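Subject: Structure handover

Hello,

Here is the structure I said I would pass on. Please open it beside this message and follow along; my notes come after it.

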Amino acid sequence: VQRVDYVELDPMVIKMSKELLAPEYSAVFKNPKISVINVDGRFFIKKQDKKYDCIIIHLGDPYTAQLNRFYTVEFFQEVARCLKEKGVISFYLNASESYISADTGNFLRSIYATLKTAFPEIKVIPGESAYFLASNGKGLLTYDYNLLMQRARERNLDLKYVREYYLFSRLSPEKISYFENILFKDTNIKVNYDFRPSAYYYGI
């Protein structure tokens, strides 16, 4: 990792983190590779000229108009512009490990369809939190946990949470098939726009 731009609207979040987190966690802010930027994330992306290998959105579900701005066609297109070739965007939404209701299915399908307007390749890791991964290049993303672990070993990654047994469970063919059947079920689902917030509607 050469550089991390951490965009956080509220500077008090950083201030309190430094004061209240355990030293091993708060020490990360002293790393010269990390740049904390206190600005609205949507504004930051819109004005950004740099290209990123990865953009991680950590905001939670778009159940408010404020958060919905980060899950629209317009925003995803802006993110795609800021990614390098074969760059990746990642975010998570609440889902379920074993059963997706009709309403939740509509909500997840709307986000998936919206993401599809900006990115040619998308994978979704099922679970209580469904992790959406999208790339502007093809052939990068995979559900093959063996390949993922091989890549991790080749890069000498020090993985603390993502283990082989974890990926084996989360990326089982049964879970992937069940989740994709839900995402691909209705091609007439409404796409989420800034001024036509369909995902916000499905969430309600």
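Start with Ile56, which stands opposite Ser90 in strand S4. Please keep in mind throughout that this is a predicted model.

**The sheet**

The pair just named belongs to the contact between strands S3 and S4, which run parallel and are joined by five bridges. On from there, S4 and S6 run antiparallel, with eight bridges between them. One place to see this is Val88, which has Ser135 of S6 opposite it. S6, residues 127-135, also pairs with S5 in the antiparallel sense, over five bridges. There, Ile122 has Ala134 in S6 as its bridge partner.

Put together, these strands make an open sheet of four with the order S3-S4-S6-S5 and mixed pairing. S3 (52-57) and S5 (121-125) are the edge strands, each pairing on one side only. On average, neighbouring strands of this sheet are turned by 15° against each other, direction ignored.

**Helix H6 and its neighbours**

Which strands does helix H6 lie across? H6, residues 102-116, lies across S4 (83-96), S5 and S6, and runs at about 175° to S4.

H6 also packs against helix H9 (residues 173-183), at an angle of about 80° and with the axes 8 Å apart. That angle makes H6 roughly perpendicular to H9. On the H6 side the contact is made by Gly105, Leu108, Arg109 and Tyr112, and on the H9 side by Phe179, Ile182 and Leu183.

Leu108 is worth selecting on its own. Leaving out residues up to four places away in sequence, Leu108 touches Leu93, Asn94, Ala95, Ile100, Phe132, Phe179 and Leu183.

**The core and helix H5**

In soluble globular proteins, nonpolar side chains tend to be buried together. In this model the largest nonpolar core has 46 residues, and those touching the most other members are Phe76, Ile89, Phe91, Leu108, Phe119, Val124 and Phe132.

Phe76 sits in helix H5, residues 73-82. Is Phe76 buried or exposed? Its relative accessible area is 0%, under the 20% cut-off, so Phe76 is buried. Apart from residues up to four places away in sequence, Phe76 touches Phe70, Tyr71, Ile89, Phe91, Ile111, Thr114, Leu115, Ala118 and Phe119. Phe76 and Ile45 are 31 residues apart along the chain, and their C-alpha atoms are separated by 9.9 Å.

Why is H5 described as largely enclosed by the rest of the structure? The reason is that seven of its ten residues are buried. These are Val73, Phe75, Phe76, Glu78, Val79, Ala80 and Cys82. The elements covering the buried residues of H5 include helix H3 (41-47), S3, S4 and H6.

**Two loop residues**

Thr72 is in the loop between helix H4 (65-68) and H5. Its relative accessibility is 0%, so Thr72 counts as buried. The side chains of Thr72 and Asp194 are joined by a polar contact of 2.8 Å. Not counting residues up to four places away in sequence, Thr72 touches Arg42, Thr114, Asn192, Tyr193 and Asp194.

Gln48 is in the loop between H3 and S3. At 10% relative accessibility, Gln48 also counts as buried. With residues up to four places away in sequence left out, Gln48 touches Arg81 and Cys82. Gln48 and Cys82 are 34 residues apart along the chain, yet their C-alpha atoms are separated by 7.0 Å. The side chain of Gln48 also reaches the backbone nitrogen of Lys50, at 3.1 Å.

**Two positive phi values**

Which residues other than glycine have a positive phi here? One is Lys86, with a phi of about 65°. Lys86 is in S4 and counts as partly exposed, at 46% relative accessibility.

Another is Asn156, with a phi near 55°. Asn156 is in the loop between helix H7 (145-154) and helix H8 (164-170). At 69% relative accessibility, Asn156 counts as exposed.

Regards

Conventions: Residues are numbered from 1 along each chain as its sequence is written. This is a predicted model: local features need pLDDT of at least 70, side-chain atom pairs count only at pLDDT 80 or more; totals for chains, interfaces and linings use all residues. Side-chain values use heavy atoms; hydrogens and water are left out. Two strands pair if DSSP finds at least two bridges between them. Axes are lines fitted to C-alpha atoms, for helices over the stretch in contact, and angles run from 0 to 180 degrees between N-to-C directions. Contact means heavy atoms within 4.5 Å. A nonpolar core is a set of buried Ala, Val, Leu, Ile, Met, Phe, Trp, Tyr and Cys residues joined through side-chain atoms within 4.5 Å. Buried means under 20% relative accessible area, exposed over 50%, partly exposed in between (1.4 Å probe, protein chains only). A polar contact is a pair of N or O atoms within 3.5 Å; within protein, one must be able to donate a hydrogen and the other to accept it, and residues adjacent in sequence count only if both atoms are side-chain atoms. Angles under 35 degrees count as roughly parallel, over 145 as roughly antiparallel, 65 to 115 as roughly perpendicular and the rest as oblique.
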